[in-house]
Amino acid sequence: MTQGQKKTLLTLFLIYVGLGLINFIFFPSANLEGVGLRWVYSFGDTPTFWNTINPMTVIMSGVIILILIIFAAGVKFELIPNKKQALVESLLGYFWELVEDAVPNPKYRKPIYVIATTLFLYILIANLLSGMPGINVSPVGDGLKVALFTDTWYTPTSDLNTNATFAVMVLVISHIFAASAKGIINWLKMFIEPTPLLLPLNLIGELAKPVSHSLRLFGNIFGGGILVLIISYMLKYFVLPIFLWGFFGIFVGLIQAFVFSLLAIAYMGSLLEE
C-alpha cells in the first residue's frame with residue numbers, strides 16, 4: 001500500500017470517527033420519524049401523476065450527471081494508460097464483449113452498448129452515494145426534516161419512478177429495435193408464437209419485464225437504505241454501520257447496477273434473435 005493510499009484510508013477513518021462523534025454528541029435524541037417517506041412537490045392545487053415530482057430525485061440526478069461529466073473530463077487517454085484510463089477501458093471493453101455475445105445483429109450493438117453503459121454508470125454512482133453519510137430530506141407532519149450526516153445521501157434509485165422509467169425505456173427501445181430489424185409483420189408474429197393460444201401469456205411476459213426489472217433494483221436499494229439507517233440510529237454510527245454502508249453501498253450497489261444493465265442487454269438482445 002502506497003503512502004497516498006494510507007493517507008486516504010486514514011482520512012476516511014477520521015471522517016467516520018468525526019461523524020460518529022457529531023451524532024453521539026449533538027443528536028442523542030434523534031428519532032426515525034419520516035423514515036421511508038418521500039418529499040414530493042406539486043405544481044398545482046391538486047396533486048396528480050403529471051404535476052408532482054420528487055425534488056430530491058431531480059436534484060441528485062443532476063449531481064450524479066455532474067459527477068460523471070467531471071470524471072469523464074478528468075480521463076486523459078494516452079498511449080501508455082494510467083490507472084484511471086485502464087479502469088475505464090477495462091470496464092467499457094467488458095461491456096462491449098457482453099453486448100457482442102448477447103446481440104446477434106451488429107447494426108444494433110453500438111446503440112445497445114451506449115444505453116447499457118450509461119445505465120450502469122448512472123445507477124452505480126447513485127448506489128454508491130446510498131452508502132455514504134450525507135444529506136437527505138423527508139416529510140414530517142406539515143414540514144420537512146433535513147438530515148445532515150445522520151442519514152446516507154438520498155439516491156434516485158430508491159425512487160421507484162426512476163427505476164420504472166429506465167425499465168419502460170428499455171422495453172420500448174427493445175421493441176422498436178425488434179420491429180426495425182425484423183419488420184412490423186414478423187415483429188407482431190412474435191406475440192403469437194409458437195401458437196396464437198399463447199398470445200395472452202406472451203403479452204403478460206413482456207409487461208412483466210419492466211415490473212421485475214425496476215422492482216429488483218428498488219427493493220434492494222430502498223430496503224438496504226432503511227436497514228442501514230435504523231441500525232445507524234441504534235448504534236449512533238459506531239462500529240457496525242460503516243460495514244453496512246460498505247456492504248449495501250459498494251457491494252450490493254455494484255451488483256445491482258451490473259444486474260440492471262445486464263438485463264437491459266439481455267432483453268434487447270433476445271428480441272433481435274431470429
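**Helix α4 and its surroundings**

Helix α4 (residues 109-129) has 21 residues, so at 1.5 Å a residue it should span 30 Å, and the 30 Å between its end C-alpha atoms agrees with that. The model is a predicted one, and α4 is a handy place to start reading it. Most of this helix is covered, with 15 of its 21 residues buried. UniProt, in an unreviewed entry, lists residues 112-130 among its "transmembrane region" features, alongside 12-32, 52-75, 164-185, 217-236 and 242-268. In the model, the span 112-130 is 95% helix and 0% strand, and its end C-alpha atoms sit 27 Å apart. The annotated span 164-185 also comes out at 95% helix and 0% strand, with 29 Å between its end C-alpha atoms.

The nonpolar packing leads back to α4. The largest nonpolar core contains 35 residues, and I112, L119, I265 and M268 have the most contacts inside it. At least two residues of this core come from each of α2 (55-74), α3, α4, α5 (160-182), α7 and α8. The biggest contribution is from α4, which gives 12 residues. As for M268, its contacts beyond four places in sequence are I112, I115, V170, I173 and S174.

A polar residue also turns up against α4. S261 belongs to helix α8 (residues 241-270), and it counts as buried because its relative accessibility is 0%, where the cut-off is under 20%. Its side chain reaches the backbone oxygen of A116 at 3.4 Å. With neighbours within four places in sequence set aside, S261 touches F95, A116, L119 and F120. Of these contacts, L119 is also one of the residues with the most contacts inside the largest nonpolar core, while F95 and F120 show up again in the ring pairs: Y94, F95, F120 and F258 are linked into a cluster.

Which aromatic pairs stand behind that picture? The count comes to 11 aromatic pairs. One of them is F49 with W50, an edge-to-face arrangement at 4.9 Å centre to centre and 85 degrees between the planes. Both partners are out in the open by the 50% cut-off: F49 is exposed because its relative accessible area is 64%, and W50 is exposed at 78%. Y94 and F258 make another pair, with ring centres 6.1 Å apart and planes at 25 degrees, so this one is stacked. That pair bridges distant parts of the chain, since Y94 lies in helix α3 and F258 in helix α8, 164 residues apart. Here the accessibilities are intermediate: Y94 is partly exposed at 40%, and F258 is partly exposed at 24%.

Another link between α3 and α8 involves A102, which is in helix α3 (residues 83-102). A102 and I265 are separated by 163 residues in sequence, yet their C-alpha atoms are 6.9 Å apart in space. Leaving out neighbours within four places in sequence, A102 is in contact with I265 and G269. With a relative accessible area of 27%, A102 counts as partly exposed. Its partner I265 is, again, among the residues with the most contacts inside the largest nonpolar core.

Helix α2 can be given the length check used for α4. Its 20 residues reach 29 Å from first C-alpha to last, close to the 28 Å expected at 1.5 Å a residue. Which residues of α2 are buried? They include P55, M56, T57, M60, S61 and I64. The cover over the buried residues of α2 includes β1 (41-42), β2 (52-53), α4, β3 (133-140) and α5, so both strands and helices take part by the DSSP run assignment. At the N-terminal end, N54 acts as the cap of α2, with a side-chain oxygen 3.1 Å from the backbone nitrogen of M56.

One last backbone detail concerns E193 and P194. A cis peptide bond joins these two residues, with omega at about 0 degrees. P194 is located in the loop between α6 (184-189) and α7 (199-235).

Technical notes: Residues numbered from 1 in each chain as written. Predicted model: local features only at pLDDT ≥ 70, side-chain atom pairs only at ≥ 80, totals over all residues. Heavy atoms only, no water. UniProt positions renumbered as here; feature names shortened; annotations may be inferred. Helix = DSSP H or I, 4+ residues; strand = E, 2+ residues; numbered from the N terminus. Buried < 20%, exposed > 50% of the residue type's maximum accessible area, 1.4 Å probe, protein only. Polar contact = N/O pair within 3.5 Å; in protein donor to acceptor, adjacent residues only side chain to side chain. Contact = heavy atoms within 4.5 Å. Expected span 1.5 Å × (residues − 1). Phe/Tyr/Trp six-rings, centres within 6.5 Å; stacked < 30°, edge-to-face > 60°. Core = buried A, V, L, I, M, F, W, Y, C linked by side-chain atoms within 4.5 Å.
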